[in-house]
Structures are given as structure tokens and as C-alpha cells.
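Biologist: Please choose one part of this structure and take me through it closely, and then follow its connections outward until I can see where that part sits in the whole. I am still learning the vocabulary, so explain any term before you lean on it.

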Amino acid sequence: MRAVRYHGYGGPEQLRLEKVDVPPVAPGEVLVRQEASSVNPADWKFQTGWFRDWVPLPLPFVPGADIAGIVVAGGEDAGFGPGQAVIGMNPVHCGGAWADYVVATVDSLALAPKRMPLARAAGLPLAGLTARMALFTHGGLTAGQRVLIHTAAGGVGCLAVQLAKHAGAEVIATCSAANRDFVTSLGADEVIDYRTEDFSARLRGLDLVVDSIGGDVQRRSFAVLRSGGTLVTLAPTPVPPDAAAGRDIRVRTVAVTPDGDGLRQIADLAEEGRLRLPVDRVYCLEDAARAMAHSQAGGARGKIILQIQDQQQFGPDWG
Ligand SMILES: NC(=O)c1ccc[n+]([C@@H]2O[C@H](COP(=O)([O-])OP(=O)(O)OC[C@H]3O[C@@H](n4cnc5c(N)ncnc54)[C@H](OP(=O)(O)O)[C@@H]3O)[C@@H](O)[C@H]2O)c1
């Protein structure tokens, strides 16, 4: 089968499209013929070697966390069967999804939403699970609460805005001016152009902030929270112990993990037409290096998709 691999840390230029064996399937696992995957910033962060001291990758390494394809073998005990369309997520440091075939554990998969082309649904798993964990598992968001979502135009943000609205929250979002209409169309009640306005000067008394940036944005985010509010961060750097300056603010850090049950709920919303997956750009597997470089350059509006099989199956624009 074809697989994108790298043999050393560095940049996208390290990526090669190579012929490798189809991975073996063990009990509790499913072999999936991949229709598509997507690019997540963690793919290139691991590739640069940022995390190599904590999580060294087995080289050569096949990147890719997002699974969207057709079950070929395995999973019968968990109700999966050959021919079923599924979506799923492998941990980023396990990868394997940028290939014709990938193996995943049964508890990391869900049936794909029929309403959404499989190639588009490839953008749902990691970003959707991250948004869900941030808002609900860690953030405890409930109807009527007010939440600030940073990087609202990105892969996680565009899903987080929609999920928070479905939960009945009031959503305030940050993005650049060029993405204002896009983020509004996702359901944001208030959009702040972070390049021209300091959100921390405008907002007060929020219940939750989803911080995907860290650093100065995180530091200023504490000021907009009410006493008893929650800051959930996706940034890998530890939050300074004195960051809340003695105020009663809960701080939680997200490290997204596969979650078949959570993914089922995300797929259900997509199936009902209540969750869109905006796509910035689609690349073929041969162009994986360009896709990774695109993500690394920043500024993607929605998800970057890697189409692994026939491009024509991508379908109409559901974004
Ligand atoms: N901890 C975890 O488990 C976990 C999981 C997933 C993602 N993450 C991290 O979360 C971050 C976001 O992930 P993603 O997949 O959404 O990335 P992404 O799709 O690459 O996000 C790109 C978006 O970020 C926006 N942006 C950049 N700087 C901004 C700022 N200062 N304020 C508001 N928007 C800004 C850009 O929009 P504009 O053009 O409008 O600026 C662009 O649309 C990444 O750093 C990723 O590594 C962590």
C-alpha cells in the first residue's frame, strides 16, 4: 500500500510517499481502507521534533490521526463489519492515517455520518473531539453561559463555535477581520478582530475561555472570566501557577485522546445537519508535504483535508 512516511525529524520536506506492507490487525482492532484524512497542527509539531524528548516517535513514522474510510476487517465483536463507513482517531504519536490502510482500536471509531461526504468527515475526529473536551468535559459549558473561543476560524475553533451554540451558550469568538463573516456564519454572537482590538479590554464576567494559543493571549484571558469561571487551554506549555493572580478561576489543560462515544455524538450532529465541517483546501496524498506546510504556515479557515482515494468522491461543498 501507499503510505506517507518520514525517516527523520525536520520539516515537510522529510515526507516521502512510499510502498509499505498493510498493517496487521490484532483483536480489538479494525483495518480501515482510508478515503481521506486531515492535517492537524500536532502532525507537524511532532514532525519538527518538538516533543521528541517526551514522546519519541518510532522512525520511519506514518503521520496522521484522522481516520475516514471503509472497514475491511476486524471489529465484529464491537458491531463493525466489512463495508461500513467509519470515522476515527489514532493518537497523534501513533499516527498511521496518511496511508491507504490504517489500523485503529474499536473504541476509537464511530459510524460515519451518511449525510456528509466521507472525505469531508475526515476533518471531524481530532478537531471535533478537542472542541468537545474543551467545552464540555473540562469546561462544563451549559445553556445560557458565555464562552470566549480563540482561533475561531481554525479547525478546532470552527467546530467549537458550532458545538457551543448547539449547547445554548452565548459565543464570543476571536479571529482576523477576513474571517469575521465566516465565524459569524458558524453561529458566533460576537466576533472580535484580535489584530485590531484587545478582547480583554472589551469583555468581562465570562463563564469559560477556550485558549488555543497560550502566552500573552492566555494571560489576558484570565481578566475576562468571572470569579468561579474556567480557563481551558489547548496550548502545550504549562500555565504559570500565579496566572489567575489569586482569583477563583479553574484551569484545565486538554490533551485530546481517541473517544468513540464522543465521536458518535459528533457524527450524530453532522448526520442531523447541525454540524458543518468547513474545508480550507483539499490535497491528494502525493501532496502531503504541501498540505503539512500549509498547516504550518497558519491561517487555515476550517480544515485541511488529505484526499487519499479518488478526488471525485469529495462531493459538493457542505462547508
Ligand atoms: N491540546 C490538544 O489536545 C490540542 C488539540 C487540537 C489542537 N491543539 C492546538 O490548538 C491550536 C489550534 O488548532 P487548530 O487545529 O484549530 O489550528 P488551525 O486550524 O491551524 O488554526 C488556524 C487558525 O488560527 C487562527 N489564529 C491564529 N492566531 C490567532 C489569534 N491570535 N487569535 C485568533 N485566531 C488566531 C487563524 O485565523 P486568522 O487568520 O483569523 O488569524 C487560523 O484560522 C493549535 O496550536 C493546535 O496545536 C491542541
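Modeller: Before anything else, one term is needed: a residue is called buried if 20 or more other C-beta atoms lie within 10 Å of its own, exposed if 12 or fewer do, and partly exposed in between. You should also keep in mind that this is a predicted model.

The part I have chosen is helix α1, which spans residues 41-48 and is mostly covered, with six of its eight residues buried. Those buried residues are P41, A42, D43, W44, F46 and Q47, and they pack against strand β3 and against helix α9, residues 288-297. Just after the helix, G49 takes a positive phi of about 95°. Further along, in the loop between α1 and strand β4, we come to P60, which is joined to L59 by a cis peptide bond with an omega of about -5°. As background, most peptide bonds are trans.

Since α1 packs against β3, the next step is to look at that strand. Nine of the 11 residues of β3, residues 29-39, are buried, and therefore the strand is largely enclosed by the rest of the structure. Strands of a sheet pair through backbone hydrogen bonds, either parallel or antiparallel. With strand β6, residues 101-105, β3 pairs in the antiparallel sense over five bridges, and L31 has V103 of β6 as its bridge partner. Six bridges join β3 to β4, residues 66-74, again with the two strands running antiparallel; in this pairing V30 has G74 as its partner. Strand β15, residues 303-307, is joined to β3 by four bridges and also runs antiparallel to β3, with S37 paired to L306.

From α1 we can also turn towards the ligand. There are 29 residues around the ligand, and those that come nearest are P41, G154, G155, S176 and V256; one of these, P41, is also among the buried residues of α1. The elements that give two or more residues to this shell are α1, α3 (125-138), α4 and β9. The largest share, three residues, comes from α4. Sorted by class, the shell has 14 nonpolar, 14 polar and one charged residues.

To place this shell in the whole chain, we need the domain assignment, which gives domain 1 as residues 2-123 + 277-314 and domain 2 as residues 127-253. Both domains give residues to the shell around the ligand, so the ligand lies between them. The C-alpha centres of the two domains are 27 Å apart. Where they touch, eight residues of domain 1 are in contact with eight residues of domain 2, and on the side of domain 1 these divide into three nonpolar, three polar and two charged residues.

It remains to see what surrounds α4 and β9, which both contribute to the shell. Six strands form an open sheet in the order β10-β9-β8-β11-β12-β13, with parallel pairing. Its edge strands are β10 (190-193) and β13 (250-253), each of which pairs on one side only, and the twist averages 15° from one strand to the next. Strand β9, residues 170-175, is joined to β10 by four bridges, and the two run parallel; within this pair T174 stands opposite I192. Helix α4, residues 155-166, packs on the sheet and touches β8 (146-149), β9 and β11 (206-211), while its direction makes about 170° with that of β8.

Two loops here deserve a careful look at their backbone. Most residues other than glycine have a negative phi. In the loop between β8 and α4 we find T151, whose phi is nevertheless positive, near 45°. With 22 C-beta neighbours inside 10 Å, T151 counts as buried, because the cut-off is 20 or more. A245, in the loop between β12 (225-233) and β13, also has a positive phi, of about 50°, although it is not a glycine. Here the surroundings contrast with those of T151, since A245 has 9 other C-beta atoms within 10 Å and is exposed, whereas T151 is buried.

Key: Residues numbered from 1 in each chain as written. Predicted model: local features only at pLDDT ≥ 70, side-chain atom pairs only at ≥ 80, totals over all residues. Pairing = 2+ DSSP bridges. Contact = placed C-beta atoms within 7 Å. Axes fitted to C-alpha atoms, helices over the stretch in contact; angles between N-to-C directions. Near = placed C-beta within 6 Å. Nonpolar A, V, L, I, M, F, W, Y, C, P; charged D, E, K, R; others polar. Domains from an automatic or database assignment.
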